[in-house]
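Student: I have a protein to look at and would like to understand the reasons behind the words used for it. Could we go through it together?

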Amino acid sequence: MDPLYQFKIERWAEFRLFGYDLSFTNSAFYALASTLLVIVFLVVASGKREMVPGRMQLMSEMMYEFVAEIVRSTMGQAGWKFFPLIFTIFAFVLACNLLGMFPYFFTVTSHLAVTLALSMMVFGIVVGYGLVKHGFGFFKLFAPAGLPVWMYPLIIPIELVSFLSRPISLAVRLFANMMAGHALMKVFASFVVMMGSAGGLLAAFAIIPLLANSAVIGLEFLIAFLQAYVFALLTCIYLNDIVHEHVGH
Amino acid sequence: MLLFLEDLNVTAEQSLAKAEFTGGMPQLDFASYPSQIFWLAIAFGILYVALSRLLIPRIGGVLEERRDRIADDLDVAARMKIDADAALVAYEKSLKDAAARAHVIAAENRNKINMEIATEIEAQDLKLAEIAASAEAEISQAQQKALSNVATLANTAVKEMITKLTGTKLSATDITKAMTSVAGKN
């Protein structure tokens, strides 16, 4: 079976608006399921509000503190207003990644459309908030303070390209990681089936891709968490450029 | 091996059929982008509202409350420690005071007793001196008496001797006078 088949978008319910095809698909279902998963988990976990937390409450608090630590360590207190955004990004990406680990489940974050939309949202917030807060001063981001003027023609294009490539690298990193991982698991699983059904000595050697796949699945769980962390962390780092009074380095 | 390759060929054909069916990499099927982005926005929006309005304040509130409670408890503990330290200092001070007072009382008692002993000794000394003096007086009296007896005896003896030798009777007074003058010459 094609390892890419698992990424297929399936229309579950036709829905068109203003000429756009906005059909309810498996992607839409798993995106909403991820949202629901996070909300249900946190509602249940933080429901008791005990002074001495139980296991579930502790998990929700650890998640909160984990994201809070990312925000504080990268942006300081000035970036605290973005905490809900970072928390949402982290929780959503993590839920999508982990939900995708179930066999036959669709991985929302393995699609470039989704990761690009998320990274463009971050990019839009950086530019929009930067312009609102600093006005023209926002463009000092591309001309670091203390730089001699004759260096501007060289540095400004470099800074501009690095600034514009951020959302792309952010989107591609998450999408490529999730897609490659899931494709790899599929490929190894196919090997197991193929070699196993071939019979004889090959069937005995099918244990090798099976063991390899077990290891890859473990690795994928790590990547599912790691990519959510990286996405949240990089979002914080990009936002850090514009949350402080003085833009620039 | 041949069998395996044949098998692979079959699966490859099947995959190809599947690939045709899905149309290559589904991620690059741009027709699906509006739908994906639309539903992502809805899911992300719901999650953002739920987290920022309800869940983050709730978890953050519990954490805040706990931090406050711990800080309060630490404050109370610090206050109690200060109280305990003060109590210890007061206790040590009262202990020292009591010891000092006990020392003073002991010294006073010792002085009083010493004084009493001294007075008693003095009184006893006086009494003893008195007794000694009266004893001495008695002794000297007895001595006088004994001496006067000796004189009377000597007087009588001299009178008798003179009477025997000469036959003249001398009065005791004369003999005494004569003896005294002899004693005076010696």
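Student: How do you know that helix H2 of chain A has a length close to the one expected at 1.5 Å a residue?

Tutor: This is a predicted model, and in it helix H2 of chain A covers residues 55–75, which is 21 residues. The expected span is 1.5 Å times one less than the number of residues, and this gives 30 Å for H2(A), while the computed reach from the first C-alpha to the last is 30 Å, so the two values are close.

Student: What makes A:Ser60 and A:Tyr64 buried residues of H2(A)?

Tutor: A residue is called buried if 20 or more other C-beta atoms lie within 10 Å of its own; A:Ser60 and A:Tyr64 meet that cut-off, as do A:Val67, A:Ile70, A:Val71 and A:Met75.

Student: Why can the buried residues of H2(A) be said to line one face of the helix?

Tutor: Seen down the axis of H2(A), the buried residues fall within an arc of 120 degrees, and therefore they line one face. The face turned away from that buried side carries exposed residues, namely A:Arg55, A:Met62, A:Glu69 and A:Ser73.

Student: What covers the buried residues of H2(A)?

Tutor: The cover includes helices H1 (26–45), H3 (83–99) and H7 (207–243) of chain A, together with helix H2 (33–166) of chain B.

Student: Which residue just after H2(A) takes a positive phi?

Tutor: That residue is A:Gly76, with a phi of about 75 degrees.

How values were computed. Residues numbered from 1 in each chain as written. Chains lettered and ligands numbered in written order. Predicted model: local features only at pLDDT ≥ 70, side-chain atom pairs only at ≥ 80, totals over all residues. Helix = DSSP H or I, 4+ residues; strand = E, 2+ residues; numbered from the N terminus. Buried ≥ 20, exposed ≤ 12 C-beta atoms within 10 Å, placed from the backbone. Arc of directions from axis to C-beta. Contact = placed C-beta atoms within 7 Å.
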